[in-house]
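Here is a short briefing for a first look at this protein. Keep the sequence and the 3D view open while you read.

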Amino acid sequence: MSQSTVTTKSKNGQWVNEVADAPHLSRSYRDRDEAVQAGRELAAEHHFEHRIEESAPAGAITDPDPASQREAEFPSPDPQAPRSDQS
C-alpha cells in the first residue's frame, strides 16, 4: 500500500493542505503558519508524509468572490432611477 502525502502550499493567495489520494481531507487556511501546523497534525493522525511547497507571497486572495459575481449578474436597482410601478 502506498503512503499518501499531505502537501501544504500556496494556492490563489491562500494556503492549502491537499491530500491527493483523499481530497475530502484537503482544507484551506488564512496563512502559512496555520496551514503548516494543520498539515503536520493531519499527516501524523493518518500516518501520511507531510511536504511543504514554499512560494513567494501572493498578496491577496484571488479566488472569485461569489457575492460579487452574483452582483454582476443581478445588479441592485438604482435608487435614483425612476420606478415603473409609480403612478
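Start with a salt bridge: the side chains of Arg32 and Glu54 meet at 2.5 Å, N to O. Arg32 lies in helix α1 and Glu54 in the loop between β4 and α2 (66-73), so the pair ties together parts that are 22 residues apart in sequence. Keep in mind that this is a predicted model.

**Overall layout**

- The protein has two helices and four strands.
- Along the sequence, these elements follow the pattern β-β-β-α-β-α.
- Of the 87 residues in the protein, 23% are buried.
- Take the contacts between residues at least 6 apart in sequence: 44% of them join residues at least 24 apart.

**The sheet and the helix on it**

- Four strands form an open sheet in the order β3-β2-β1-β4, and the pairing is mixed.
- Which strands stand at the edges? They are β3 (27-29) and β4 (49-53). Each has a single partner strand, so one side of each is left without a neighbour in the sheet.
- On average, neighbouring strands of this sheet are turned by 20 degrees against each other, direction ignored.
- Helix α1 (residues 32-46) packs on the sheet and touches β1 (5-11), β2, β3 and β4. The direction of α1 makes about 160 degrees with that of β4.
- Strands β2 and β3 pair in the antiparallel sense, over three bridges.
- Trp15 stands opposite Tyr29 in β3.

**Asn17, a polar residue inside**

- Asn17 sits in strand β2 (residues 14-19).
- Is Asn17 buried or exposed? Its relative accessible area is 1%. The cut-off for buried is under 20%, so Asn17 counts as buried.
- What does the side chain of Asn17 meet? It makes a polar contact with the side chain of Thr8, at 2.4 Å.
- A backbone atom also comes in here: the oxygen of Ala35 lies 2.9 Å from a polar atom of the Asn17 side chain.
- Leaving aside neighbours within four places in sequence, the contacts of Asn17 include Val6, Thr7, Ser26, Arg27 and Tyr29. Ala38, Gly39 and His50 are also among them.

**The nonpolar core**

- The largest nonpolar core has seven residues in all: Val6, Val19, Ala22, Leu25, Leu42, Ala43 and Phe48.
- Phe48 touches Val6, Val19, Leu25 and Ala43. Gln3 and Ser4 are also in touch with Phe48. Residues up to four places away in sequence are not counted here.

**Salt bridges**

- How many salt bridges does a search of the whole structure find? The search finds five.
- Side chains of opposite charge can pair when their charged atoms come close.
- Arg32 has a salt bridge with Asp33 too, at 3.8 Å, N to O.
- Arg32 is partly exposed, with a relative accessible area of 28%.
- Both acidic partners count as exposed: Asp33 has 57% relative accessibility, and Glu54 has 53%. The cut-off for exposed is over 50%.
- Elsewhere, the side chains of Lys11 and Glu18 meet in a salt bridge at 2.9 Å, N to O.
- Lys11 is partly exposed at 39% relative accessibility. Glu18 is partly exposed as well, at 22%.
- Lys9, Lys11 and Glu18 are linked in a network of salt bridges.

**Gln37 on helix α1**

- Gln37 lies in helix α1.
- Gln37 counts as partly exposed, with 40% relative accessibility.
- How far apart are the C-alpha atoms of Gln37 and Thr8? They are separated by 9.6 Å, while the two residues are 29 apart along the chain.
- Thr8 has appeared before: its side chain makes the polar contact with the side chain of Asn17.

Note on methods:
Residues are numbered from 1 along each chain as its sequence is written. This is a predicted model: local features need pLDDT of at least 70, side-chain atom pairs count only at pLDDT 80 or more; totals for chains, interfaces and linings use all residues. Side-chain values use heavy atoms; hydrogens and water are left out. Buried means under 20% relative accessible area, exposed over 50%, partly exposed in between (1.4 Å probe, protein chains only). A polar contact is a pair of N or O atoms within 3.5 Å; within protein, one must be able to donate a hydrogen and the other to accept it, and residues adjacent in sequence count only if both atoms are side-chain atoms. Contact means heavy atoms within 4.5 Å. Two strands pair if DSSP finds at least two bridges between them. Axes are lines fitted to C-alpha atoms, for helices over the stretch in contact, and angles run from 0 to 180 degrees between N-to-C directions. A nonpolar core is a set of buried Ala, Val, Leu, Ile, Met, Phe, Trp, Tyr and Cys residues joined through side-chain atoms within 4.5 Å. A salt bridge is a side-chain nitrogen of Lys or Arg within 4 Å of a carboxyl oxygen of Asp or Glu.
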